[in-house]
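Student: I should like to learn how the features of a protein model are read. May we go through one together, one feature at a time?

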Amino acid sequence: MPEQENLVWLADCSRGDVARVGGKNASLGEMLSALTAKGIRVPDGFATTSDAYWSFIDQNALRPLITEALAGFQDGSASLSDTGQTIRNAILRGEWPQDIAESIKAAYRELSLRTGKPETDVAVRSSATAEDLPDASFAGQQESLLNIQGEKELLAACRRCYASLFTDRAISYRIAKGFDHMKVALSVGVQAMVRADKGASGVAFSIDPETGFDKVAVINAAWGLGENVVQGTVDPDEYVTFKPLLENSALRPIIEKRLGRKEQKMIYGSGSDATENVPTSKAERARFVLSEEDIIDLSRWICAIEDHYGCPMDIEWARDGETGLLSIVQARPETVQSRRDTSVFKTYTIHSRGRVLAEGSSVGGAIVAGKVCLLESPDDIDAFVDGSILVARNTDPDWVPIMKRAAGIITDHGGRTSHAAIVSRELGLPAIVGTGDATRQLHTKQDVTVSCAEGAEGFVYEGIADYEAKDVVLDEIAETGTKVMLNMANPAAAFRWWQMPADGVGLARMEFVIGNHIRIHPMALVNYETLRDESARETIAGLTEGYDDKTDYFVDRLSRGLARIAATVHPKPMIVRMSDFKTNEYANLIGGAAFEPEEENPMIGFRGAARYYSPQYRDGFALECRAIRKLRDELGFANVIMMIPFCRSPDEAGRVLEILAENGLKRGDRQLEIYVMCEIPANVILAKDFATHFDGFSIGSNDLTQLTLGIDRDGELLANLFDEQNDAVKWMIERVVSTAHEADAKVGICGQAPSDHPEFAEFLVKCGIDSISVTPDSFIAVKSHVAEAERRAAAGEA
């Protein structure tokens, strides 16, 4: 057999060579030949061909043995385990055809010369292929071996790869898919090792793997070799970047940096073990794996790979600890979100639930309730009850037969790119990974609810929750002239709503991000060194670990949290309301009690604009301004509009604008627009004057109703009198809309009334309001009400 049919250099392969070298090796060849010119590093290497595989099988007369063994399993005379073991043992005993062995050894010697290392260390990976099924996916079923050195060891590793074509899970997969075992071959890829054992590695997606949001890249990273990230035995860092802004070299659009626990790392082994896991140091656990420069460079590579292939990609990367250089070691098309029907959107509403038992990273975007089945090992498969919620420390491919029978999955370890996460998505199961302690907190036969429908964080609730699921057909949503926008507050849940045809975010609540994403009072960070509350100091020290300047923690977390929301609608506008806590709410933040007065009525007390120029909060407001500057100027979200709440007079408006300008946020600079909340009768009465200071108004219907009617909006005794459709409130709304338009200012409203009352939506349309902003779960109803109101207005109906 000619040598070139036994072995080929990866650089001579392309993605059209799947039948010859399998999808994994064909993809590596494609990148080597097409993308290295764009600066993307891919380790050099070679691959055995499918012809070489069949030569090995035939030289050792294995076809009859394989066929007979598989027939025994099919007719029930042999178990799956015995069948696989019989075939694997026969392959491992096989002898290499001399020409193939010489080809492999010669190529290895050449690769060693190219790397400048005698008997260079290599990665040996399986790449299955089916000649008549080129699109079949065999990902994760066959062997991958790292740190292989020497010709003898390489030939043994290649033989192990061949044998891995008949693992129990691989045999089961082919049977389930109806593939002929004797038409599936295996190519072995041999690549120069990236010394990630001394550096880092991970997995990346060119699309959000949970929601399918296609404007972000998601990167997971851990110290050491990449198997721990892939198998989910480590909780990695996670970074999210916004792809449309990566081309601008002046920007760093990193919209999330989450520190993982990273409790162990895989390094080169000693003795007979090629690799081994060792604990990470405290310093490694407390430090991000990738610098911001590496995150941006890797994200740009991810975009280039996606552009070249023309589809969302699932990528493995590594950083060499000796050179500090990044490399791509694998790339394949993403196969779950990219195939999902994006015209249908499923929403979930939880009406009642039990206490939180565990939480981690959510996978699958759904909710399921049922009984726990906690297993220590996949060998315990006989103890698994079909339809249960599987709880395990982590999973690998041996768990797949059990996972297929589960209703949901919970693991102690792993990130959103781990084995458990990837398989759960493929199976359409909700999963919560990286809980840390689910196997200690939960027990078999316990009733729980797994909620993965509340954003990036997943929650395990005690008992069977009362929840509702609805399908929304997005193609059926009507167009409207009045803009319908979203009220959003939770960065973790923002990506869920990217498919909604909203006209932007009409209200992003900064205080929610501060309260839930940051948790620390900004003045406690400014005055950390003199803070007397020792408990607060200790908590703050833990939360801000890694930040030399404690205030940077606030600025980073706030800017990136808001960026996740802004990214969802970019380039459409996002209106950010600056912090609008009441003093009692501020006091509940960590370290907050020392900086807040006690007030009889915080609702109309020291809140909103008055705080921003007050000596008591001015330095805290400066941190908010730094976050907005970073959000717009460094991260690149120039679609962000600022909004000032509870501004009591035009004079106060002037003072706030001065403070903003002092903090680098001057109205009109770099197209910065600043709005004001219209929630006080004075905002309506003096609307013409307020319009000289601001670019637009956003009507806060709850506060405006409260202060117009003199009714505590949270009070129970007068709740029946609280009515946003009261004639006095409607007069206020109608007046501010007309006055704002006379001054060429925009005006919108944020509130639930248009959702609950179609006639109120019709009133707003007749007023000529520019936009209506509602919570995401109300968007469809409000859009429908507005479309009907516009239709009636156009038809001249009353």
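**Reading the sheets, helices and contacts**

Tutor: Eight strands, in the order E23-E24-E25-E26-E27-E28-E29-E30, close into a barrel with parallel pairing. Strands (E, at least two residues) and helices (H or I, at least four residues) are DSSP runs, numbered from the N terminus. Two strands pair if DSSP finds at least two bridges between them. In this barrel the twist averages 30 degrees from one strand to the next. The model is a predicted one: local features need pLDDT of at least 70, side-chain atom pairs count only at pLDDT 80 or more, and totals for chains, interfaces and linings use all residues. Residues are numbered from 1 along each chain as its sequence is written, and side-chain values use heavy atoms, with hydrogens and water left out.

Student: Over how many bridges do strands E28 and E29 pair?

Tutor: Strand E28 (residues 696-700) and strand E29 (residues 746-750) pair in the parallel sense over five bridges. Gly696 has Lys746 in E29 as its bridge partner.

Student: Which strands form the open sheet, and in what order?

Tutor: The open sheet has six strands in the order E9-E8-E7-E6-E12-E13, with antiparallel pairing. Strand E9 (254-258) and strand E13 (326-333) are its edge strands, and each of them pairs on one side only. The twist of this sheet averages 15 degrees from one strand to the next. Strand E8 (residues 237-242) pairs with E9 in the antiparallel sense over four bridges, and Val240 has Glu256 in E9 as its bridge partner.

Student: Across which strands does helix H11 lie?

Tutor: Contact means heavy atoms within 4.5 Å. Axes are lines fitted to C-alpha atoms, for helices over the stretch in contact, and angles run from 0 to 180 degrees between N-to-C directions. Helix H11 (residues 292-309) lies across strand E6 (200-205), strand E7 (216-223), E8, E9, strand E12 (313-319) and E13, and runs at about 35 degrees to E13. In the barrel, H15 lies across strand E24 (505-509) and E25, at about 35 degrees to E24.

Student: At what angle do helices H15 and H18 pack?

Tutor: Helix H15 (residues 510-518) and H18 pack at an angle of about 120 degrees, and their axes are 10 Å apart. Angles under 35 degrees count as roughly parallel, over 145 as roughly antiparallel, 65 to 115 as roughly perpendicular and the rest as oblique. H15 and H18 are therefore oblique to each other. A crossing is left-handed if the near helix is turned anticlockwise from the far one by less than a right angle, and right-handed if clockwise. H15 passes H18 in a right-handed crossing.

Student: Which residues of H15 and H18 meet?

Tutor: Met510, Val513, Ile514, His517 and Ile518 in H15 meet Tyr553, Phe554, Arg557, Leu558, Gly561 and Leu562 in H18. For classes, Ala, Val, Leu, Ile, Met, Phe, Trp, Tyr, Cys and Pro count as nonpolar, Asp, Glu, Lys and Arg as charged, and the others, Gly among them, as polar. The contact of H15 with H18 has eight nonpolar, two polar and one charged residues.

Student: At what angle do helices H5 and H8 pack?

Tutor: Helix H5 (residues 80-93) packs with helix H8 (residues 168-177) at about 110 degrees, with their axes 9 Å apart. That makes H5 roughly perpendicular to H8. Leu80, Ser81, Gly84 and Arg88 in H5 meet Asp168, Ile171 and Ser172 in H8. By class, this contact has two nonpolar, three polar and two charged residues.

Student: How many salt bridges does a search of the whole structure find?

Tutor: A salt bridge is a side-chain nitrogen of Lys or Arg within 4 Å of a carboxyl oxygen of Asp or Glu. The search finds 47 salt bridges. In one salt bridge, the side chains of Asp44 and Arg114 meet at 2.8 Å, N to O. Asp44 lies in the loop between helix H2 (18-34) and strand E2 (45-48) and Arg114 in helix H6 (residues 98-115), so the pair ties together parts that are 70 residues apart in sequence.

Student: Which residues does a cis peptide bond join?

Tutor: Most residues other than glycine have a negative phi, and most peptide bonds are trans. Here a cis peptide bond joins His570 and Pro571, with omega about 5 degrees. Ala61, although not a glycine, has a positive phi of about 50 degrees.
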